[in-house]
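Trainee: I would like to take a close look at a single part of this model, and I would be glad of one connected explanation.

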Amino acid sequence: MVATKAPEDAYSAEPFVPSRGGLVALRKAAAECRGCPLHRDATQTVFGAGDTDARVMLVGEQPGDQEDRQGKPFVGPAGKLLDRALEEAGIDPSEAYVTNAVKHFKFTQAEPRKRRIHKAPNLREMTACGPWLAAELAVVEPELIVVLGATAGKALLGSSFRVTQVRGTVLEEEIHGRPERLVPTVHPSSVLRSDDRDAAYRGLVSDLRVAADALS
Ligand code: URA
Ligand code: SF4
């Protein structure tokens, strides 16, 4: 369907999500999504990447600067760190389906051509983009969802989600009408920002080991 600008109070990707088809159809349709204002300033939609048969789905926050330019999730510094941590935990990054709660890069920029600074998506944008994540879950049907940080947690489990309370544990919750198993952990970007990077990194790997065990 060709939708025009959504009214301010009705941000939603829903009208753009095809009712049939697999990941190829979803990715193609998502490229045209105008479900919220974030598409206006971003370069392109960054849809999830990976196989329909993936056993594990990793959910991040939103694409960053590099992801926005390349059109693929987790290809920047946070993604490099995540891949290393996954391997160390015994999860093959190439076998995971990787996506984000929000599919367009949100940023602030002091002036044109200045560095674009990541800005966290708000609840309305997360809610608007939810139908894409729901569609990815319905098609991939992962055995396990790894929740990377607070935004992904709130998008999937609601606004009361607190990563520190549940990280490294296996949760069983109904999400978009389906029973899902989830292992929350911190966002890899938070490891890069941490005062004690080594400890933060070890914490991430240890949570991911819980995920690896839950998959075996
Ligand atoms: N951070 C995210 O949450 N997702 C990406 O794809 C990259 C950085
Ligand atoms: Fe659509 Fe999500 Fe992009 Fe908003 S952020 S325009 S809902 S794909």
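Which residues are around ligand 2?

Mentor: Please keep in mind that this is a predicted model. The residues around ligand 2 are Ala-13, Cys-33, Gly-35, Cys-36, His-39, Val-102, Lys-103, His-104, Ala-128, Cys-129 and Trp-132, and the ligand itself sits in the largest cavity. Sorted by class, the shell around ligand 2 consists of seven nonpolar residues, three polar ones and one charged one.

From Trp-132, which belongs to the shell of ligand 2, we can move on to helix H4, since this residue of H4 is also among those that meet helix H1. H1 covers residues 23-30 and H4 covers residues 123-140, and the two pack at an angle of about 170° with their axes 10 Å apart, which makes H1 roughly antiparallel to H4. On the H1 side, Leu-23, Leu-26, Ala-29 and Ala-30 take part, and they meet Trp-132, Ala-135, Glu-136, Val-139 and Val-140 of H4. The residues of this contact divide into eight nonpolar, no polar and one charged.

H4 also packs with helix H5, residues 150-157, at an angle of about 75° and with the axes 10 Å apart, and the two helices are therefore roughly perpendicular to each other. Here H4 contributes Met-126, Leu-133 and Leu-137, while H5 contributes Thr-151, Lys-154, Ala-155 and Leu-156. By class, the contact of H4 with H5 has five nonpolar residues, one polar residue and one charged residue.

Notes:
Residues are numbered from 1 along each chain as its sequence is written. Chains are lettered from A and ligands numbered from 1 in the order in which they are written. This is a predicted model: local features need pLDDT of at least 70, side-chain atom pairs count only at pLDDT 80 or more; totals for chains, interfaces and linings use all residues. Side-chain values use heavy atoms; hydrogens and water are left out. A residue is near a molecule or strand if one of its heavy atoms lies within 4 Å of it. On a 1 Å grid over the protein atoms alone, a cavity is a set of points where a 1.4 Å probe fits but cannot get out, and a pocket is an open set with protein on both sides within 12 Å along at least five of seven lines; lining residues have an atom within 4 Å of a point. A molecule sits in a cavity or pocket if more than half of its atoms lie within 2 Å of its grid points. Ala, Val, Leu, Ile, Met, Phe, Trp, Tyr, Cys and Pro count as nonpolar, Asp, Glu, Lys and Arg as charged, and the others, Gly among them, as polar. Axes are lines fitted to C-alpha atoms, for helices over the stretch in contact, and angles run from 0 to 180 degrees between N-to-C directions. Helices (H or I, at least four residues) and strands (E, at least two) are DSSP runs, numbered from the N terminus. Angles under 35 degrees count as roughly parallel, over 145 as roughly antiparallel, 65 to 115 as roughly perpendicular and the rest as oblique. Contact means heavy atoms within 4.5 Å.
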